[in-house]
Amino acid sequence: MKRFSDTGAGIVPYGHTGTVVEERRRKGRPPFVREAFLGRENMKNILMGLAALALASAATGVQAQDRQVNMAVSIPAADHGWTGGVVYHAERAKKTLEARYPGLKITVKTSPDGASQANALEDLTAQGIDALVTLPHNSDELTDPIRQVKEKGIFVTVVDRALSDQTIQDLYVAGNNPELGRVAGEYIKKELGGKGDVVVIRGLPIVIDEERQKGFDEGIKGSDIKVLDRQFGNWSRDDAFKVMQDYLAKYKKIDAVWCQDDDMAVGVLEAIQQADRKDIKFVVGGAGMKEMIKRVADGDTMIPVDVLYPPAMIATAMELTASNFYDQIPIRGSYILDATLVTKENAKEFYFPDSPF
Amino acid sequence: MSNTTAAQPAKRSLGDIDLRAVAPFVALAVLFVFGAMVNPNFLGLDNLTNVVTRSAFIAIIAIGATFVISAGGLDLSVGSMAAFVAGTMILFLNTGAVAGDSGMIAAAMCLALATGALCGLANGLITTLGRIEPFIVTLGTMGIFRALTIYLAEGGSIAMKSQELRAAYRPIYFGNVLGVPIPVIVILVVAILGAFILYRTRFGRHVMAVGSNEEVARYSGISVNRVRTLTYVIQGICVAIAVLVYVPRLGAATPTTGLLWELQAITAVVIGGTALRGGVGRIWGTICGALILELVGNIMVLSDMVSEYLIGAVQGAIIIIAMLIQRSLGRR
């Protein structure tokens, strides 16, 4: 089991993750973040790195790849664009990982709500698993069910939504929610010259939405930006369309819209176009939906930027978890993806025409 | 403009001295006064046009639901069915199988109507021939239609690819004839047709008969199964018509398309005075119910009184109060 420390290969691709990042977060410093998005190019590099490792391990004479490992992936059902992206990337990662490690068996299970996800966790555990990668519906609700999984000695990776008790997880992979809000807020502050009227459309009343709102407030702090209104759009195009129509009826002058999600931005843009209002200078969404990235790349003035929060983070988590079993790479800790501001200049890097989201 | 839509049928019903039928319109009027007090912008033409236009989906679907519920049935699958019909319609539009934008759109509309009718037929046949409770059957098809949509979308959304086609189709939601938005015209046409079928034809009377007492209807020589199945087909066609208006709005079907529309449609039907147990159907009341639902949401956003966390509670309370007003009028 010690053979990787001999080659020194274990620290190559993920040397900067793990506990160092956790340490920096605790000290309030930004985490080291090298890549915002594990895009195809980056993924390829990492895959090649891992493939090289796999070869190295084969050379040592032990067929670690044949070791039987059952990995369960429990994620929300595709109820909006972003979770749809999560399901897509989970299925894709399952294919690549199972091809790479013949002994690895991955079960992807989607659940429509928190209660059924708790049931799914029980069912998956009963089948006998070695690792669990989960994107919980709701942190508070699922903390105990995940704790029970952990108590069976199963390796637990939590994605996106942090548990109420952080000691349960072995690995935490997430986008940076406060940062997503802060980056959007700072951009709006800068573009409006520190003064203006902004309306906000929120997602659903859960932790990540709260974190984003707090980050946004921090981003616009110290300016004369006035937030006229905050209403829930439920991360849905149709609901965001309605809320935006109502904002347009309620306020005669709006300078910018922050809707924190690209799905909702679609509805917002449609409502603005219909009302034929010229006072709104731009809309800031978030996540990195391909249609919106394309608009940014094309220089659309209404969508000048986007803030990344990639659904492919589930694939990052599955990759890291698998490498814990097969490549003996130290991965325990937190892996926080950056909330990169996508501008016209760098948009090409983040555009994936084949992705469903 | 929504004032006129609401007031006309109200006057007609007043002649019949049936206060129960007028009650939803009184509730609507109370809501109008409340909205005007909350925010002066509420009575603006733009705002009212927006609200009436976007109530079109629920209103049209609820007209179909009025038939199903009057006949003693229930359809929980309408929201998922809307997403499925929208998805297949957009996929067809993306194939570009027919030359010319208008020809393509017309073909896609026919396909959507056929898909909707078939989905409804499936619901109807499983319910009647399989002799299973409609609640269970449509709960099952609800899951099936939703999953098929997500499957077709590969977990993402299905969007119209051609921008020219999108531009050509857009007026169906955003356009207007003499200042009346096209979706509002569609509501009126569907409602007039629905009212005619339900009140003036033999089939309509059979629907009521089956809904009030199935056994009596059967002994009177009515083919109960045929009538029930047809109400589901009508429901399917209404869903498809709603989709025809929905697709040009955002040009995409997503996993959230039509989410919980079934509950909104059923609520609209019940607020409108149709009995959930069947036997009574009120098309114009249903339209009124759909407007009330949409207005409540609109008033909440326009008001600054309620915390965004409590909007759901206030919406629920307003719906219950609207029902109470209706009941108290009905008793007089």
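Leaving aside its neighbours within four places in sequence, with which residues is A:Lys150 in contact? Select A:Lys150 in this predicted model and the answer appears as A:Val156 and A:Ile168, once those sequence neighbours are set aside. The residue itself is found in helix α6 of chain A, which spans residues 139-151. With 18 other C-beta atoms within 10 Å, A:Lys150 is partly exposed, because a residue counts as buried only at 20 or more such atoms and as exposed at 12 or fewer. Keep A:Lys150 displayed and add A:Val266, which lies 116 residues away in sequence and, from C-alpha to C-alpha, 40 Å away in space.

**Chain A as a whole**

Now widen the selection to chain A, where 12 helices and 12 strands can be coloured separately. The chain has 357 residues, of which 51% count as buried. Among its contacts with a separation of 6 or more, 77% are made by residues 24 or more positions apart.

Colour chain A next by its domain assignment, which gives domain 1 as 3-174 + 312-337 and domain 2 as 177-307. Where the two domains of chain A meet, seven residues of domain 1 are in contact with nine residues of domain 2. On the domain 1 side of this contact, the residues divide into two nonpolar, four polar and one charged.

**The six-stranded sheet**

Select β2, β1, β3, β4, β5 and β11 of chain A, which in that order form an open sheet of six strands with parallel pairing. At its edges are β2 (104-111) and β11 (333-336) of chain A, each of which pairs on one side only. Averaged over the sheet and with direction ignored, neighbouring strands are turned by 15° against each other.

Helix α5 of chain A, residues 114-126, can be added to this view: the helix packs on the sheet and touches β1 (69-76) and β2 of chain A, and its direction makes about 160° with that of β2(A). Within the sheet, zoom in on β3 (residues 131-134) and β4 (residues 155-159) of chain A, which pair in the parallel sense over four bridges. One position to label there is A:Leu132, whose bridge partner in β4(A) is A:Val156. A:Val156 has already been met on this tour, as one of the contacts of A:Lys150.

**The four-stranded sheet**

Move on to another open sheet of chain A, in which four strands follow the order β7-β6-β8-β9 with parallel pairing. Its edge strands are β7 (224-232) and β9 (282-284) of chain A, and each pairs on one side only. Here neighbouring strands are turned by 20° against each other on average, direction ignored.

Helix α7 (residues 177-191) of chain A packs on this sheet and touches β6, β7, β8 and β9 of chain A, with a direction that makes about 165° with that of β9(A). Also select helix α10 (residues 262-275) of chain A, which lies across β6, β8 and β9 of chain A and runs at about 160° to β9(A).

Which strands does A:Val198 face, in β7(A) and in β8(A)? Label A:Val198 to find A:Val227 opposite in β7(A) and A:Ala256 opposite in β8(A). The parallel strands β6(A) and β7(A) are joined by eight bridges, and A:Lys195 has A:Asp224 as its bridge partner in β7(A). Between β6 (residues 195-202) and β8 (residues 256-258) of chain A, the parallel pairing extends over three bridges, and A:Val200 stands opposite A:Trp258 in β8(A). To follow the connection, trace β6(A), helix α8 (residues 207-219) of chain A and β7(A), which together make a right-handed β-α-β unit.

**Across to chain B**

Finally, display both chains and select the contact between them, which takes 29 residues from chain A and 25 residues from chain B. On the chain B side, α3 (45-54), α13 (224-250) and α15 (283-302) each supply at least two residues. By class, that side of chain B has eight nonpolar, 12 polar and five charged residues.

The last stop is helix α14 (residues 261-271) of chain B, which is mostly covered, with nine of its 11 residues buried. Its buried residues include B:Trp261, B:Glu262, B:Ile266 and B:Ile271. Just after α14(B), look for B:Gly273, which takes a positive phi of about 105°.

Notes. Residues are numbered from 1 along each chain as its sequence is written. Chains are lettered from A and ligands numbered from 1 in the order in which they are written. This is a predicted model: local features need pLDDT of at least 70, side-chain atom pairs count only at pLDDT 80 or more; totals for chains, interfaces and linings use all residues. Domain bounds come from an automatic or database domain assignment. Ala, Val, Leu, Ile, Met, Phe, Trp, Tyr, Cys and Pro count as nonpolar, Asp, Glu, Lys and Arg as charged, and the others, Gly among them, as polar. Two strands pair if DSSP finds at least two bridges between them. Axes are lines fitted to C-alpha atoms, for helices over the stretch in contact, and angles run from 0 to 180 degrees between N-to-C directions. A crossover is right-handed if, with the strands pointing away from the viewer, the path from the first strand over the helix to the second runs clockwise.
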